[in-house]
Amino acid sequence: MMFQEPPADTLNFMIAGFAVILGTIGLYITNIIMRFRKLRQDEALLDEIEAEHA
Amino acid sequence: MERRPKTLTVLSWLTSVVFIVALYLVLFWAPQEAIMGDVQRVFYFHVSAGWVGALAFLITAIVGGIYLARGEQRWDRAAMASVEIGVVFTFINIVTGSIWARPIWNTWWTWDPRLVTATIMELIYIAYIMLRQGIEDPDRRARFGAVYGIVGFISVPLTFLSIRIFRTIHPVVVGSTDPTAQGAFDMTANMRTAFFFSLFTFTLIYITLLWHRLRLQHKMEMIEERKLRALSA
């Protein structure tokens, strides 16, 4: 134990790894929210068009 | 627009809490690996992301088979939603693997069977999404998606078994016996807890995302139908 080398200093790689994980999941969730928002806008527009024709 | 089901809202919050707990276990609960240091912590989510990718593509193949048997569009919707999530998580799996490999193998990329099969699998499912968009007729698109999803699934067991069949430097952490593997390690009790909790967390994330994505797909189709009706009126 006395002569055992310390673990390699790989903290930066760990941070990069978690940045990729959290960033990618975050981006995907944002993408889904944006698509929902766009659909709501389209739906509102369709409601208006249908109300005009009614 | 339909209101979000209460169960989905609860599931989303629960998933967020479970994910925070998983982060705590991985970053603080599990001990630092004796040789690799902190980068080994990426392993917990790296494997979990790979698991979600495989699970998502398995679900795609299963719902593809159901679509071919029943011809109901909702199964095609599930296949598309599942593939999209699978592609996102396989991407995470490949990139985090590369980040781990840099200090451990001294390279970002090597033509190892696992890395190659995983990348081919990812490309197969990216092609699935791209090719679907080129088919206008919904029935043809769904049939194509179902057959492609079933045939494409061959890449999943091939990727999983690649480190067990071929000579590779990629570690088999669970049940490893290969002395040529570089970066293998034995898990302590706390590491195992963090590992299995991560697998559970990512499975929960998959279920939650799939539900949201299914609702999105359903809405997209409804709006598309309304647009066509408005244009033809």
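Visitor: At roughly what angle do the axes of helix 1 of chain A and helix 7 of chain B cross?
Guide: This is a predicted model. Helix 1 of chain A covers residues 11–53 and helix 7 of chain B residues 189–232, and their axes come within 10 Å. The crossing angle is roughly 25 degrees.

Visitor: Is helix 1 of chain A roughly parallel or oblique to helix 7 of chain B?
Guide: The axes cross at roughly 25 degrees. Angles under 35 degrees count as roughly parallel. Helix 1 of chain A is therefore, relative to helix 7 of chain B, roughly parallel.

Visitor: How many charged residues are in the contact of helix 1 of chain A with helix 7 of chain B?
Guide: On the chain A side, the residues include A:Arg35, A:Asp42, A:Glu43 and A:Glu50. They meet residues of helix 7 of chain B, among them B:Arg213, B:Lys219, B:Arg226 and B:Lys227. By class, this contact has 9 nonpolar residues and 1 polar, and the number of charged residues is 8.

Visitor: Is the crossing of helix 3 of chain B with helix 7 of chain B left-handed or right-handed?
Guide: Helix 3 of chain B (residues 73–105) has an axis that comes within 9 Å of that of helix 7 of chain B, and the two cross at roughly 130 degrees. That angle makes helix 3 of chain B oblique to helix 7 of chain B. The crossing is right-handed.

Visitor: How many nonpolar residues are in the contact of helix 3 of chain B with helix 7 of chain B?
Guide: Helix 3 of chain B contributes residues including B:Ala78, B:Met80, B:Ala81 and B:Ile85. Helix 7 of chain B meets them with residues including B:Tyr206, B:Leu209, B:Leu210 and B:Leu214. Besides 3 polar and 3 charged residues, the nonpolar count is 8.

Visitor: Which helix gives the most to the largest nonpolar core?
Guide: The core has 58 residues, and B:Val26, B:Ala56, B:Ala79, B:Ala194 and B:Tyr206 touch the most other members. Among the elements that supply at least two residues each are helix 1 of chain A and, from chain B, helix 2 (42–70) and helix 4 (113–133). With 16 residues, the helix that gives the most is helix 3 of chain B.

Visitor: How many residues of chain B are in contact with chain A?
Guide: The side of chain A that touches chain B has 15 nonpolar, 4 polar and 6 charged residues. These 25 residues of chain A are in contact with residues of chain B, and the number on chain B is 31.

Notes. Residues are numbered from 1 along each chain as its sequence is written. Chains are lettered from A and ligands numbered from 1 in the order in which they are written. This is a predicted model: local features need pLDDT of at least 70, side-chain atom pairs count only at pLDDT 80 or more; totals for chains, interfaces and linings use all residues. Axes are lines fitted to C-alpha atoms, for helices over the stretch in contact, and angles run from 0 to 180 degrees between N-to-C directions. Helices (H or I, at least four residues) and strands (E, at least two) are DSSP runs, numbered from the N terminus. Angles under 35 degrees count as roughly parallel, over 145 as roughly antiparallel, 65 to 115 as roughly perpendicular and the rest as oblique. Two residues are in contact if their C-beta atoms, placed from the backbone, lie within 7 Å. Ala, Val, Leu, Ile, Met, Phe, Trp, Tyr, Cys and Pro count as nonpolar, Asp, Glu, Lys and Arg as charged, and the others, Gly among them, as polar. A crossing is left-handed if the near helix is turned anticlockwise from the far one by less than a right angle, and right-handed if clockwise. A nonpolar core is a set of buried Ala, Val, Leu, Ile, Met, Phe, Trp, Tyr and Cys residues joined through C-beta atoms within 7 Å. A residue is buried if 20 or more other C-beta atoms lie within 10 Å of its own, exposed if 12 or fewer, and partly exposed in between; C-beta atoms are placed from the backbone.
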